[in-house]
Structure formats: C-alpha cells, structure tokens
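Work through the exercises below with the sequence and coordinates open beside you. Each task is followed by a solution that proceeds step by step.

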Amino acid sequence: EDPELYAVWPFNLVGLGAAFLEEGRLTYERRLHPHPNFGWSQTAIWAARLGLAEEAANQALHHFAQSATLPGGLMTSPGARLPGRPHIHDCAYFDTPGALATAVGEMLLQDHGEEVALLPAWPRSEPVAFRLHAAGKGPVEYEHRV
C-alpha cells in the first residue's frame with residue numbers, strides 16, 4: 001500500500017481542486033511502493049485525482065489487461081458493468097471492477113465542492129460520452145468527440 005497518497009484519495013485533501021497539487025504529484029512519483037495496478041489498488045484513482053491523464057489511462061488499461069491474462073480469464077457478476085478477476089483463493093475478486101469504475105469515474109468527472117471538473121484526467125485524444133452523478137448537483141451528461 002501507499003498510505004502517503006491517502007490524502008489524495010479517499011480523503012480528497014490533495015489534488016485537483018484542492019491544495020498541494022504539485023506535492024501530491026511528487027508524492028505519487030516518489031511513492032514508497034509503486035506496484036502493478038491490480039485488484040483493489042488505488043493507483044489509477046490517485047493518478048486521476050492528480051490530473052495525470054496519460055498515467056491514469058495506462059493504469060486503468062493495465063488493470064484490465066492484468067485481469068485478462070490470469071488463469072480462468074475474466075469473471076463477471078450478473079449485472080456487473082466491469083469484470084472481476086479470479087483470485088488465488090478460488091473465488092471471484094470483485095475489488096478489481098470497483099477500483100476500475102472509481103478510477104474511470106474520476107477520470108471523467110470530479111466534484112470539487114461548488115465546481116464540477118469535466119474530463120480532468122481523460123486523454124484528450126479519446127472520445128467519450130457519459131452520464132454520471134455529481135454529488136449535490138444531480139446527473140451530468142457530457143460527450144467529447146475527437
């Protein structure tokens with residue numbers, strides 16, 4: 001784990017729309033335990049909250065690829081939007097889609113109090129259309145075409 005980045009997420013004290021953005025980015029670069037992004041890892045979420053679009057996208061794609069290469073392939077729960085991956089304990093490991101969904105959501109929309117940031121960490125070269133809920137503001141629909 002990299003608890004030195006908990007101020008970025010889940011506590012949202014550092015990052016885009018908050019204080020100490022550069023310090024957060026330096027901490028991300030110099031984190032004590034950088035590791036491949038899989039399972040419940042918050043790496044892609046931290047990258048998105050720090051506005052590191054390319055890094056967030058790479059981490060999210062790595063997350064998907066990691067799941068696809070494991071024995072047993074991808075597993076899906078009925079009604080799930082994102083696949084889980086098999087875990088070493090012979091049960092579905094559903095933290096992966098939760099971390100991915102959070103990361104992608106943070107790449108698309110971040111709620112900073114009164115301000116809503118659209119595509120704060122989405123690669124500008126990638127098209128996207130979404131409808132997400134902004135806290136206290138209701139649904140936000142947006143389409144980005146290249």
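A residue counts as buried when its relative accessible area is under 20%, and as exposed when that area is over 50%. The model used throughout is a predicted one.

**Exercise 1. Describe the chain as a whole: its secondary structure, its burial and its surface.**

Solution. Begin with the elements, which come to four helices and six strands, and read them along the sequence to obtain the pattern α-α-α-β-β-α-β-β-β-β. Next apply the burial cut-off, by which 40% of the 146 residues count as buried. Finally, take the accessible surface, which comes to about 8300 Å², with 57% of it belonging to carbon and sulfur atoms.

**Exercise 2. Check whether the end-to-end distance of helix α4 agrees with its number of residues.**

Solution. Helix α4 covers residues 95-108, which makes 14 residues. The expected span is 1.5 Å times one less than the number of residues, so for α4 it should be 20 Å, and the end C-alpha atoms are indeed 20 Å apart, which agrees. As a further step, look up burial along this helix, where the buried residues include Leu-100, Ala-103, Glu-106 and Met-107.

**Exercise 3. Determine where Gln-110 lies and whether it is buried or exposed, then list its surroundings.**

Solution. First, locate Gln-110 in strand β3, which spans residues 109-112. Second, compare its relative accessibility with the cut-off: the value is 0%, and therefore Gln-110 counts as buried. Third, follow its side chain, which reaches the backbone oxygen of Glu-106 at 3.0 Å; Glu-106 is itself one of the buried residues of α4. Fourth, turn to the strand pairing, in which β3 and β4 (residues 115-118) run antiparallel and are joined by four bridges, with Gln-110 standing opposite Ala-117. Fifth, set aside neighbours within four places in sequence, and the contacts of Gln-110 include Leu-16, Ala-48, Arg-49 and Pro-120. To complete the hairpin, note that two residues lie between its strands and that Gly-113 takes a positive phi near 70°.

**Exercise 4. Examine the backbone of Phe-20 and Leu-119, and decide for each whether it is buried or exposed.**

Solution. Phe-20, in the segment before α1, has a positive phi of about 60° although it is not a glycine. Its relative accessibility is 53%, so Phe-20 counts as exposed. Leu-119, found in the loop between β4 and β5, has a positive phi of about 55° and is likewise not a glycine. Its relative accessibility is 1%, so Leu-119 counts as buried.

Methods: Residues are numbered from 1 along each chain as its sequence is written. This is a predicted model: local features need pLDDT of at least 70, side-chain atom pairs count only at pLDDT 80 or more; totals for chains, interfaces and linings use all residues. Side-chain values use heavy atoms; hydrogens and water are left out. Buried means under 20% relative accessible area, exposed over 50%, partly exposed in between (1.4 Å probe, protein chains only). A polar contact is a pair of N or O atoms within 3.5 Å; within protein, one must be able to donate a hydrogen and the other to accept it, and residues adjacent in sequence count only if both atoms are side-chain atoms. Contact means heavy atoms within 4.5 Å. Two strands pair if DSSP finds at least two bridges between them. Accessible areas come from the Shrake-Rupley method with a 1.4 Å probe; for residues, only the protein chains shown count as cover.
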